[in-house]
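User: Could you walk me through how the labels on this model are justified? I would like each one set against its definition.

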Amino acid sequence: MLPTTFHPQNNNEAVILAPVHRVTRKDLLLWAVLLGIMGIGVYAYLTQWFTGLGVTGLNRPVYWGFYITNFVFFIGLAHSGTFISAILRLAGASWRTPLTRAAEAITLFSLPFGVGAILIDMGRPDRVMNIFFYGRFQSPLLWDITAVSLYLFSSIVFFYISLLPDIALCRDRLTEVPSWQQKMYKILALGWTGRGEQFKRLERALDNMAIFMTLLVVTVHTVVSWVFGMTVQPGWHTALIGPFFLVGAIFSGTSAVVIVLAILRRVYHMEKVLPVSLFNSLRKLLIVFTVAWLYMMIAEFLTTTYGAISDEMLVVWQKFTGDFAVLFWTMALTVFVLPLIIFLFLGKDHVGWMVVAAILINIGMWIERFLVIVPTETRPRFVSTLMEGMGSYHPSWQEIAITGSLFAGLILLYVVFTRFFPIVPIWETAHSGETK
Amino acid sequence: MDISELITKFFTSTGPGGGMILLVVSLAASIYFSMIRWILRGGEEPEEHPSN
């Protein structure tokens, strides 16, 4: 028999636990739709598996298209949780508490799809083992796998330990759920009893992990950028690429948090738990990120065009006026112009406008990732490799279907999670430190 | 073998990469395991340094 367990008193406990009580028919329908989209992706991948990468639009010299765009994008999204939870924890921003878990869940569920995108791109995923057997320290791919593995593992632990008191609460409060679910809570709670010393140690562990996670968030996306930066290709071989990737990652990740929070707020009737003031705080952060992103963009293009090295300029003109101009200017509009207008003039106290801006930013940031990768590959530095009919990229239906399935997978994991665990931390948002 | 040659060999030899990944992840695993155990044992044992 479990010893008596203490839980911090939270007046909003019933509201937060309400989605966890039951799985509705609407949920099952949504899960089925998402699984259906994933099924199409699996079918597309199987055609690629049996036929080879020839079914994709990838060809010399464009080796990385949608798949690696997805990799960079998902890893970027994953920075939301660490940013909100770890960095704001270190900064002592107490307003962050209701949204930490929602943000961390994005991290946790994005990372596997980022890693999966690399395996899909490989054509022969079994060859990933070569990194383990033959990996050299000079290879940025080795650094990448090390950094992302550690980040994924650390994110799971960071997420799990902050969830422990709430799992124990589910174990003790949700007695009417199916027995397998009760068993799951019992196992996952690890015998948590809510002693004062446990809470103290948990807070200390989270504080210390936050420092480590902050270091990880910087290194992971910098290392991801080095996969590009360590080559001598135009547009990639710049020291700016690390900070540029990092700013973009935190920008798109924080925007994703806005979208998720707004949906949770609406669907689960959490208006009181996730007040408009939260969105106003995020709005201020996002204004900073929007301007920071523009600064990085200007810094990159100013440096490149000032030097005007011919190889570099080929890629720049591809973006400004060439094959990728429509995408480039769409990106500028959706990542900078429209969101900034919305944040400055429409977003304050209006969740709907914030969501519009956040969606625009994420569409734009996906395009931005694409534009970092593909234009350089169509105009590589060693032009001799650019044979007739090559140097262009048109994604096949398989790549589009697999991309769709990765997003569907992320959403599916997220919605399933919200039905089994409290998406707002109950113990962290408790109104008083007293236990009952 | 001079030091520069040794460093070059360290970076360019095939093989140690997997070892590094396993080392980093297993080191993290052992730290996290101990940390979680430490959290859960909070308040279980008598205080070693009672507060005044």
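Analyst: Happy to help; here is the reasoning, label by label. This is a predicted model, in which local features need pLDDT of at least 70 and side-chain atom pairs count only at pLDDT 80 or more, while totals for chains, interfaces and linings use all residues. Residues are numbered from 1 along each chain as its sequence is written, and chains are lettered from A and ligands numbered from 1 in the order in which they are written.

User: How do you know what confidence the predictor has in chain A and in chain B?

Analyst: By pLDDT, the predictor's confidence in each residue, from 0 to 100. Chain A averages 90, with 96% of the residues scoring at least 70. For chain B the mean is 81, and 83% of its residues reach 70 or more. Over residues 432-436 of chain A, pLDDT stays under 50. The model as a whole scores ipTM 0.84 and pTM 0.91.

User: Why is A:S85 called buried?

Analyst: A residue is buried if 20 or more other C-beta atoms lie within 10 Å of its own, exposed if 12 or fewer, and partly exposed in between, with C-beta atoms placed from the backbone. A:S85 has 29 such neighbours, so it counts as buried. This serine sits in helix 4 (residues 79-90) of chain A; helices are DSSP runs of H or I, at least four residues, and strands are runs of E, at least two, numbered from the N terminus.

User: What makes A:T100 a contact of A:S85?

Analyst: Two residues are in contact if their C-beta atoms, placed from the backbone, lie within 7 Å. Leaving aside neighbours within four places in sequence, A:S85 has contacts with A:T100, A:A103 and A:E104. The C-alpha atoms of A:S85 and A:A210 are separated by 7.6 Å, though the two are 125 residues apart along the chain.

User: Why does A:D144 count as buried?

Analyst: A:D144 has 21 C-beta neighbours inside 10 Å, so the label holds. A:D144 lies in helix 7 of chain A and touches A:V223, A:V224 and A:V227, residues up to four places away not being counted.

User: How do you know how helix 7 and helix 8 of chain A cross?

Analyst: Axes are lines fitted to C-alpha atoms, for helices over the stretch in contact, and angles run from 0 to 180 degrees between N-to-C directions. On that basis, helix 7 (residues 140-173) and helix 8 (residues 179-188) of chain A have axes that come within 8 Å and cross at roughly 140°. From helix 7 of chain A, A:I167, A:C170 and A:R171 take part, and from helix 8 of chain A, A:Q182, A:Y185, A:K186 and A:L188.

User: Why can the buried residues of helix 12 of chain A be said to line one face?

Analyst: They are A:E312, A:V315, A:V316, A:Q318 and A:K319. Seen down the helix axis, they fall within an arc of 155° (taken from the directions from the axis to the C-beta atoms), so they line one face. They pack against helix 11 (276-307), helix 13 (325-346) and helix 14 (351-378) of chain A.

User: And what makes up the side of chain B that touches chain A, by class?

Analyst: Ala, Val, Leu, Ile, Met, Phe, Trp, Tyr, Cys and Pro count as nonpolar, Asp, Glu, Lys and Arg as charged, and the others, Gly among them, as polar. In chain B, 22 residues are in contact with 28 residues of chain A. Helix 2 of chain B gives the largest share of that side, 14 residues. By class, the side has 14 nonpolar, eight polar and no charged residues.
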